[in-house]
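Hi,

Here is the structure I promised to pass on. Have a look at it first, and my notes on what turned up are underneath.

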Amino acid sequence: MQNLSDVLASSTTPDALKTVLTVTTDTCVDISNALKQGSLAGILGMAGNENVQGEEQKKLDVISNDMLKEALMACPAVRAIASEEEDYIVPANTDGEYFIAFDPLDGSSNIDINAMVGTIFSIYHNTGDAPATEADFLIQGKEQVAAGYVLYGPSTMLVLTTGNGVNMFTYDPINSRFVLTHDNVQVAKETQEFAINMSNQRFWSNKIQSYVSDLVQGKEGPRDKNFNMRWVAAMVGDVHRILCRGGVFLYPWDNKDPSKAGKLRLMYEANPMAMLLEQAGGKAHTHTQRILDIQPDAIHQRVAVILGAANEVDKCLSY
Ligand SMILES: O=P(O)(O)OC[C@H]1O[C@](O)(COP(=O)(O)O)[C@@H](O)[C@@H]1O
Ligand SMILES: [Mg+2]
Ligand SMILES: [Mg+2]
């Protein structure tokens, strides 16, 4: 069986990027080990601070952020990092070639109930002579050279693209390695499963309300087929389900806080997931455009997200 290093060795991935990926995934294994200790290590609960986006941080948000930051800053190939849990970008090595944006712990409200969480990462190639600035980081998602996530579920899994399809690896704790368990993952174009936080229904636009209402009417409605609904409450878990068995995921704009374009973050959540979905034959859009075409204007920018089975994303956009 092939493991992550075999797959990277047989690819055209540049050596410096291989190193960045290895440092990232090794650190995710450390995060996974910390998560396994849970309450025993006194690492659950609130950290007592808010991040720059006004969200309360959990201890594990801070711990996983610090672990990734420390490991990546020490990697000479890294030029800068940006994290959901950092106020500003953090310049690393001026000679480094890679920018890494990450959500160190996605779905952190799941931590206290021992449910699925993950780390999402997005990597860009960008060199320069001076320490990196936020402006250097504002690159369209279609320029990502790699993207992926590590899912901390019943098993720890790495899902990765370097622009040549999507591979899934399962962590083998006995031999300390990620083993390739699904290659060239593909998402079926049609689906009968959707994921959305229904409690926000009254805040959605009329178009999203009509689309979801038609799904819920099933066989008796205009779609003439029954739909099932699932919601992991961690984007990483919902996207993983779609990559494994299809579906569509929506976190649309809503008027709960009309100043926010959406809940999810472009650089840490939407872009890496959009690259994975497109590489697997799916689609990823906001209400108006392909996510990977968005020109970011701020590192913590939020966007609406509609992603998954290609025909279902098109159907939703047709409303
Ligand atoms: O509170 P809701 O509406 O269920 O939101 C769930 C969404 O929020 C998120 O948890 C946000 O991620 P963080 O935990 O990294 O802040 C997504 O993973 C998930 O899809
Ligand atoms: Mg998140
Ligand atoms: Mg997070």
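Which strands does helix α7 lie across, and at about what angle does α7 run to β15? Keep in mind while you look that this is a predicted model. The helix, residues 266–279, lies across β15 and β17, and its direction is at about 150 degrees to β15.

Those two strands belong to an open, five-stranded sheet with mixed pairing, ordered β12-β11-β13-β17-β15. Its edges are β12 (228–229) and β15 (283–285), each with a pairing on one side only. Inside the sheet, β13 (residues 248–251) and β17 (residues 305–308) are antiparallel and share four bridges. If you want a spot to zoom in on, phenylalanine 249 sits opposite leucine 307 in β17.

UniProt has something on this part of the chain too: an unreviewed entry lists residues 188–317 as "domain: Fructose-1-6-bisphosphatase class 1 C-terminal". In the model, that span is 35% helix and 15% strand, and the C-alpha atoms at its two ends are 18 Å apart.

Now the other sheet. Eight strands make it up, again open and with mixed pairing, in the order β4-β3-β5-β6-β7-β8-β9-β10. Here β4 (90–91) and β10 (177–182) are the edge strands, each pairing on one side only. Strands β3 (residues 78–83) and β5 (residues 98–106) run parallel and are joined by five bridges, with alanine 82 opposite alanine 101 in β5. As a general reminder, strands in a sheet pair through backbone hydrogen bonds, in either a parallel or an antiparallel way.

Two helices are worth a look against this sheet. Helix α2 (residues 15–37) lies across β3, β5, β6, β7, β8, β9 and β10, and runs at about 15 degrees to β7. Helix α6 (residues 235–245) lies across β5, β6, β7 and β8, this time at about 105 degrees to β7.

Finally, the ligand, which I suspect you'll open before anything else. Where does ligand 1 lie with respect to domain 1 and domain 2? It lies between them, because domain 1 (4–182) and domain 2 (193–318) both give residues to its shell. Around ligand 1 you'll find Glu55, Glu84, Asp103, Asp106, Gly107, Ser108, Asn197, Ala233, Ala234, Met235, Tyr251 and Lys263. By type, the shell splits into five charged, four nonpolar and three polar residues.

Over to you, and shout if anything is unclear.

Cheers

Key. Residues numbered from 1 in each chain as written. Chains lettered and ligands numbered in written order. Predicted model: local features only at pLDDT ≥ 70, side-chain atom pairs only at ≥ 80, totals over all residues. Pairing = 2+ DSSP bridges. Contact = placed C-beta atoms within 7 Å. Axes fitted to C-alpha atoms, helices over the stretch in contact; angles between N-to-C directions. Near = placed C-beta within 6 Å. Nonpolar A, V, L, I, M, F, W, Y, C, P; charged D, E, K, R; others polar. Domains from an automatic or database assignment. UniProt positions renumbered as here; feature names shortened; annotations may be inferred.
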